[in-house]
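I wanted to go through the contacts in this structure and keep short notes. My entries follow the order in which I looked things up.

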Amino acid sequence: MKDIRQIRVRVNGAEHELAVETRRTLADMLRHDLGYTGTHLGCEHGICGACTVLVDSAPVRSCLVFGVQADGCDVRTVEGLADGEELSDLQQAFSDHHGLQCGFCTPGFLMLAEAYLAERQAAGAGEPTEAEIRELAASNLCRCTGYQGIVDAVLATARARYHSEGASGEGRAGGWHAGGSP
Amino acid sequence: MSREARLNAQAGRWVGASVPRKEDRRMLLGRGRFVGDLTRAGMLHAAFARSPFPAAEVTGIDTSAALATPGVTGAFTGADLGHPYLIAMLERDEFTPTRMPLLAGDQVRFAGEPVAMVLAADPYAAQDAAELVDVDWRPLDAIPGIEAAQAVGARQVHDGLDGNRLVDLTMFDDLTLPGIFAAAPVVIDAVFRSARVAALPLEGRACMAEWDDRDEQLVLHVSTQVPHQVRSGVAQALGIPEQGVRVIAPDVGGGFGLKCVVGREEIAVADAARRLRRPVSWIEDREENLTASFHGHEQRYQVRAGFDRDGRILGLAAEIDCDVGAYSAFPFTSAVEPLMACTELPGIYKIPAYRALGRAIATNKAPTAPYRGVSRPQIVLVMERLMEKAAAELGIGALDVRRRNMISPGEFPYTGVNGISYDEGSYRESLDLAERQVKETFRNATPAGEPGGLMTGVGYACFSERTAYGTPTMSQRRMAMTPGYDTALVRMDPSGEVIVTTGTCGHGQGHETTFAQIVADRLGVHPGQVRLRQGDTDLASYGWGTWGSRSIVIGGGAADRAAAVVARQLRQVAAHLLEASSDDIELAGGSARVRGDAGSALPISELARIVHFQTHRLPEELRYGLEARSSFDPPGTFSNACHAAMVTVDPGTGEIRLRRYLVVEDCGVVINPMIVDGQVSGGVAQGVGAALLERVRYGEDGQPGSTTLMDYLAPTAMELCPVQITHLETASQFSETGAKGMGEGGMIGAPAAVLNAINDALRPAGISFDHVPVLPAEVCAALAGGDAVAMGGAGAMGGASGLSGAHRRGSA
């Protein structure tokens with residue numbers, strides 16, 4: 001017998017109520033029950049990071065989390081990054097710096113970087129170095145780019161958010177602003 | 001704000017400009033459409049029951065328990081399907097074909113080979129049920145590698161083989177070689193090996209098949225580089241006409257050669273959809289991808305080379321063995337690695353006398369596909385190590401030995417001992433420039449705060465790679481299905497926008513952007529007005545997909561030719577309307593005008609409108625549309641590069657870190673510098689992985705040991721460093737656009753450059769390696785004075801994949 005539970009989950013601001021089998025992964029639930037197919041599965045054992053989504057603002061491998069564990073949670077996927085049809089600053093930076101080729105790993109890198117930048121900002125930490133971004137990027141796998149475009153894109157976004165004039169009232173002295181995400 | 005596409009200002013055209021990629025937006029928004037994203041009402045999910053044994057007879061298969069699982073709607077064995085199979089053919093006496101059954105019949109030949117397919121509405125249920133397929137196995141002795149396969153009395157992986165040789169051919173044999181070696185002042189004997197590696201696209205294989213009653217057609221959506229060859233494979237295996245099959249490649253999440261062959265699961269799924277008249281989906285999981293798809297690059301080279309006292313090579317003889325696994329992959333066959341290796345081993349060096357024996361050895365391991373580089377990473381490693389060894393013996397600088405042997409400026413086109421004509425390249429210039437850049441930039445390798453005592457080394461690799469093989473070259477391989485040409489259709493619609501169809505099938509290379517740049521230049525429109533349609537066998541003429549660094553030269557060349565015809569049509573229409581000569585009409589900036597008369601400009605969209613909606617106004621020969629179909633089938637063209645790497649080796653831990661990397665490369669006319677740099681960087685990353693990390697392990701018993709990404713290590717950002725790239729541009733005479741192929745070069749040069757850097761670092765210790773990957777444990781063992789080191793040190797998994805160990809000075 002299937003063990004099915006009723007859960008409520010918010011995805012990119014939209015409320016969903018659904019019945020989900022307890023063994024179903026969050027990734028499969030998002031992709032196939034709710035239609036958020038932007039989240040990709042690259043290994044299904046927690047290494048490649050392509051399936052990274054944010055659960056209550058924290059990046060998680062959605063292949064290693066059951067859908068029922070997201071009951072009552074706020075989930076954010078790649079579909080939630082843009083403002084309508086307008087790419088976020090991070091998304092635009094990936095294009096500008098050729099941080100994607102086949103695009104399969106891209107949603108995972110975007111969500112990883114989005115969480116990292118938000119966490120750094122929340123902690124009031126300074127502008128990240130290239131070495132820090134490189135270490136962050138090593139969380140996930142990309143087989144196409146050699147990572148340089150990804151590192152450059154995240155670094156450029158971090159710098160722009162940190163130095164954005166007037167965004168945090170601190171002007172040129174540095175400080176974070178929220179970037180292009182809603 | 002999105003970055004605007006800007007012209008290559010210097011040339012006043014789109015070719016040469018880093019036009020932002022059209023592909024990016026949908027991917028960044030999470031709106032790419034990959035096979036796994038496709039759903040259909042009533043869709044079933046397939047799961048495969050696979051062999052746990054590397055070699056076994058199958059004496060019975062019982063699917064009743066699987067069928068009794070709730071939610072399961074079907075289960076098929078090979079017998080249920082009528083034992084369909086794929087067969088790849090080479091028309092050579094030295095080749096033995098293999099039948100690769102879609103589902104194994106009475107024998108399995110590698111662990112992971114599928115024996116039954118289970119279908120259920122829920123993929124979880126399908127996987128549960130596949131585990132309930134009950135198979136009676138009678139295990140056989142496994143053949144885990146080249147040595148076991150060639151041993152006297154070895155069991156044959158396929159009946160009727162001798163020495164487990166699927167291919168055994170002498171490509172070249174110069175009978176003067178024994179005399180040359182006897183007289184040569186320096187003779188180098190060496191064995192070089194490269195490990196079996198996985199292409200590892202982030203999206204594994206995937207397909208979804210559905211029967212279309214309206215068109216009476218089997219439609220197969222598949223993650224592939226070669227839609228037409230998948231269609232041919234389906235048609236041949238299932239005995240149906242090709243027009244009864246439509247293959248569609250949606251967005252493809254990486255390929256690297258793994259997806260330029262046809263998978264048996266893809267056809268089995270298609271057959272199930274046809275039989276059940278229901279959509280069927282199969283998404284490969286990573287364990288299947290690592291054990292049951294295709295590998296590559298497991299090769300051994302036994303080489304002898306003679307040099308004179310000045311370091312000039314006098315003769316070269318090589319025996320090349322490729323462990324190709326259990327079957328020949330369709331359509332390229334198991335000969336692709338040995339044929340490539342034998343033909344192209346001399347590379348950029350002038351070899352007076354040459355002998356090459358190539359063998360494809362069957363083993364009880366997953367079959368192999370033409371993974372990125374196809375033998376070129378290995379042959380470059382062999383030649384670059386030989387140059388280093390000769391230099392060390394003679395006390396001459398290793399770069400000077402290369403210079404004395406390489407094809408030099410003024411010698412192009414050069415026809416080598418291998419019968420290959422090399423079109424013009426910048427072999428010498430790229431080496432000179434790389435050497436200069438190394439002197440200027442390869443400093444301060446070790447960041448502050450790292451332990452002292454690191455050993456630092458710099459290594460080089462010089463090479464050329466033949467790209468864009470057309471049938472004039474491919475026909476020499478004598479494949480039953482000889483690839484090479486491609487065909488493009490360029491159409492302008494009534495609004496003046498352009499649709500291009502191609503038989504190539506980009507999957508990350510940005511073809512939607514680069515093809516648009518080429519066509520936009522011809523037609524005088526913006527690349528944003530040019531839409532590429534690819535990956536659909538019902539849309540495009542028969543073509544050969546995307547592999548072998550062929551697409552921009554062959555597919556782009558065909559598009560360029562067709563666009564030139566449409567441009568001529570546009571000029572003729574404009575000439576008629578402007579009462580001018582068509583020779584005087586130029587197309588630029590969205591307008592047609594008489595050259596030198598800006599006031600005469602007619603919008604191209606107006607010409608398109610008239611041709612379609614007012615066609616009666618035009619003379620007969622200009623009516624009825626703006627479109628052209630053209631093909632291109634070049635002999636191939638050589639890109640070249642010089643790579644340089646700097647590594648540090650930690651003598652305490654054996655850790656090897658890549659510190660600096662640079663590439664001076666020449667792929668002729670660069671269509672989009674941003675995209676070319678991305679291809680180079682990505683290729684280098686895979687090559688660095690092959691040099692330092694990657695190997696698919698099998699035990700002596702033939703069991704796969706690399707079943708997860710914890711066991712198979714692909715490089716992360718931390719194992720890599722920025723790649724400094726410089727372009728030289730020697731335009732190709734064999735290319736419509738002057739471009740040369742460049743999809744593989746990064747992968748081809750990196751293993752040799754990194755290996756040479758490791759050996760340079762270890763030079764003070766008198767140690768060198770002739771294999772990849774070089775692992776920390778091997779470095780430690782070699783430094784500790786061990787004679788020979790199995791890969792990965794001790795342990796059950798080390799043996800079968802074990803490469804030759806370190807050489808100590810004086811013994812090698």
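I began with the contact between the two chains, in what is a predicted model. I found 42 residues of chain A in contact with 43 residues of chain B.

Next I looked up which elements of chain A give two or more residues to the side that touches chain B. They are helix H2 (89-96), H3, helix H4 (130-137) and helix H5 (148-163) of chain A. H2(A) gives the largest share, five residues. I then sorted this side of chain A by class and noted 19 nonpolar, 16 polar and seven charged residues.

I picked one residue, A:Ala118, which sits in helix H3 (residues 106-122) of chain A. Is A:Ala118 buried or exposed? I have it down as partly exposed, because it has 18 C-beta neighbours inside 10 Å and a buried residue needs 20 or more. I also checked A:Ala118 against A:Ser57: they are 61 residues apart along the chain, and their C-alpha atoms are separated by 8.6 Å.

I moved to the domains of chain B. Domain 1 covers 35-140 + 205-252 + 259-292, domain 2 covers 295-470 + 635-808, and domain 3 covers 485-632. For domains 1 and 2 of chain B, I noted C-alpha centres 36 Å apart. Their contact takes 24 residues from domain 1 and 24 residues from domain 2.

On the side of domain 1 of chain B that touches domain 2, helix H7 (227-238) and helix H9 (286-292) each supply at least two residues. The largest share, five residues, comes from H9(B). By class, I recorded 16 nonpolar, five polar and three charged residues on this side of domain 1.

Key:
Residues are numbered from 1 along each chain as its sequence is written. Chains are lettered from A and ligands numbered from 1 in the order in which they are written. This is a predicted model: local features need pLDDT of at least 70, side-chain atom pairs count only at pLDDT 80 or more; totals for chains, interfaces and linings use all residues. Domain bounds come from an automatic or database domain assignment. Two residues are in contact if their C-beta atoms, placed from the backbone, lie within 7 Å. Helices (H or I, at least four residues) and strands (E, at least two) are DSSP runs, numbered from the N terminus. Ala, Val, Leu, Ile, Met, Phe, Trp, Tyr, Cys and Pro count as nonpolar, Asp, Glu, Lys and Arg as charged, and the others, Gly among them, as polar. A residue is buried if 20 or more other C-beta atoms lie within 10 Å of its own, exposed if 12 or fewer, and partly exposed in between; C-beta atoms are placed from the backbone.
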